[in-house]
Amino acid sequence: MSSLPLFSLRPGRILAAALLAGLFFGPGAARAQGELEWVEVEAVLGASGVAEVTYQARWRTSGTMHGFYFQGETAAPEFTGGTAELPDGSVAPLSITPAGTDRWDVVLAEGRAWGPGEATYRFSYRADLAAAGLVAPTRGPQGEELVVFNWSPVAWDEPLAHETLTVTFPSVPAPHSGELGLEGAAALGLRTEPWVNERYLITYSGAGEPPALSIRFHRNDVPARGDHRVQLYLPAGRFPGLVAAAEAAAARKVLEEAEAAREKREAEQRAARGRFTYALPVLLGLSALTLLIAGRKLKGLARAAATAPDVLWERDDWEPPRLRLSTFRKPGKVADLTSIEALTLLGLPFQILLAMVLDLLAARGRLRREGEGGGLRVARTGEAPAPDEPYQAFVWEALAETPAPVPPDLASRLGELLVGTVQRKAWDADLDATREHYRHLFEEMFPDAVSVEGRRFEKETDYAGYYPWWVSRHHSSGSRVWSSSGSSGGAAPFTPGGGSFGGAGSTASFAAVPLAALGAAPERASMAAYGPGDLVGVYEHSACHSACHSACHSACHSACHSACHSACHSACHSACHSACVSGGSH
């Protein structure tokens, strides 16, 4: 059967790869009371990721035996009962009770015992494998939607003559009952990892009524504490409930993270206000002290003038310098920005900016790419971009020389570079006037979609308008992306808060752009959400500070720095890898 490698996952969907339901090490002192001969497991996996699991375990003892401990199932089992077939042919009910964390005591009911001879214990439980991350949505190498089943029955502290796992998928209909063979299972969309095919004897069949896909994994001579893990893939369309639940969980996680970030910002703001309240008396005291010192100096100067009338200035038309405080913002001033910098200010998300730079590198023969969508792989080629192409050079240097996925943090790193450049160029500019200037400029360059549909690059000067051309060519709204009003003539487009690109760009829609391959979205998807205080430093870039302003600013900065600018980063990482296997007869 054809096998597949581990797949890259769609952003927001989690696959707990390599998690085992077993690998637990239990007590072995009671082993002499019973020996385990073989174990057979049946699992029926529903479309929502919930499984009905049944174990059969054959025990042999030369004395007497009550039962054994069962532990190691990751997915929080809900036991539904069980029985034991005793050596005399009678059937006794089982009592399954908790015996510690993730551990259960499986014994004959009413304290009964049996032996010598052989007995077969049979018990069942229900487990949500999807909630435990053992069944989850993923993508194949060509971007196809799949569901991965990555689970193992518990491991035992006894060697086994054989262990068999049979998994049935009721939501995957089979063409008929009985043997399907390798080709029949593959036709249903089944794929496995190569090591699964090498490790087990596998049979494929149609089971039940109506027939559904059933797979049997068998292995002889299983060592003590040996797991029976399998990993296989099926089309996601056969598990609609699982996919819907995963998408809902991902959406909830995004909302929870956004709410946590909002609460954190509010807490920091409250703390900052509290610290400033304590710092205010200090500032007032420093101001009063400054005025007192200045007053004493003026009095001393007056006394000096009275006692030394012959002291004259060098010239009699001299005037003291005036104290000037600047806001540094010049109303109406438009910052000189390149096209990609202007698009950053207008609100284009960082992932879109990265896609534009990658496309331009490819057009200039400096990048080769393979695959599409989430499977996109790129490699740099040719010579490095010239120094006057800083953003292309930055992205080109970040790529590997052989085809590989785009670095997941490259979009945010490029965004940081662009924002820093806009900060330096627009430190004294009117940001509102700058946004309006470039919006009108782009609207004049591309008045309608027809004018850009057949645009081709034939000479170097054609690249001058590449970035705005890219937006007009790829945006789902066509030329209306530059429109100053909505489709119904509504509010102005560049208002904070999100919406389409015309409404700040945080949810801009573009066609044929492999966003899933360009890494996770930045914390703030749209630069249009930034205010003037975010983009431009107020005092750091000033050319001149008066004496009084510097004194007051320094005092305020020292008092409030920790409240407004400091960041505390702590990391506490601990891992507890304990292992306890099922077993230990008693």
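**Briefing: a buried glutamine, an open sheet and a nonpolar patch**

Q71 is buried, because its relative accessible area of 5% is under the 20% cut-off. The model is predicted. Three topics follow: the surroundings of Q71, a sheet of four strands, and a patch on the surface.

**Q71 and its contact**
- Q71 sits in strand β3, which covers residues 67-71.
- Its side chain reaches a polar partner: the side chain of R103, at 2.7 Å.
- Q71 thus joins two features, a buried position and a polar contact between side chains.

**The open sheet**
- Strands β8, β9, β15 and β12 form an open sheet, in the order β8-β9-β15-β12.
- Pairing in this sheet is antiparallel.
- The edge positions belong to β8 (135-139) and β12 (191-192).
- Each edge strand has a single partner strand, so one side of each lacks a neighbour in the sheet.
- Strands of a sheet pair through backbone hydrogen bonds, in either a parallel or an antiparallel way.

**Where β12 meets β15**
- β12 and β15 (residues 230-235) run antiparallel and are joined by two bridges.
- R191 stands opposite Y233, a residue of β15.

**The nonpolar patch**
- L289, L292 and I293 make a nonpolar surface patch of about 260 Å².
- L289 belongs to helix α3, which spans residues 240-307.
- L289 counts as partly exposed because its relative accessibility is 45%, between the cut-offs of 20% and 50%.
- The two residues described by accessibility are Q71, which is buried, and L289, which is partly exposed.

How values were computed:
Residues numbered from 1 in each chain as written. Predicted model: local features only at pLDDT ≥ 70, side-chain atom pairs only at ≥ 80, totals over all residues. Heavy atoms only, no water. Patch = residues over 30% accessible without salt bridge, like charges linked within 9 Å, V, L, I, M, F, W, Y side chains within 5 Å. Areas by Shrake-Rupley, 256 points an atom, 1.4 Å probe, with all protein chains shown as cover. Salt bridge = Lys/Arg side-chain N within 4 Å of Asp/Glu carboxyl O. Buried < 20%, exposed > 50% of the residue type's maximum accessible area, 1.4 Å probe, protein only. Pairing = 2+ DSSP bridges. Polar contact = N/O pair within 3.5 Å; in protein donor to acceptor, adjacent residues only side chain to side chain.
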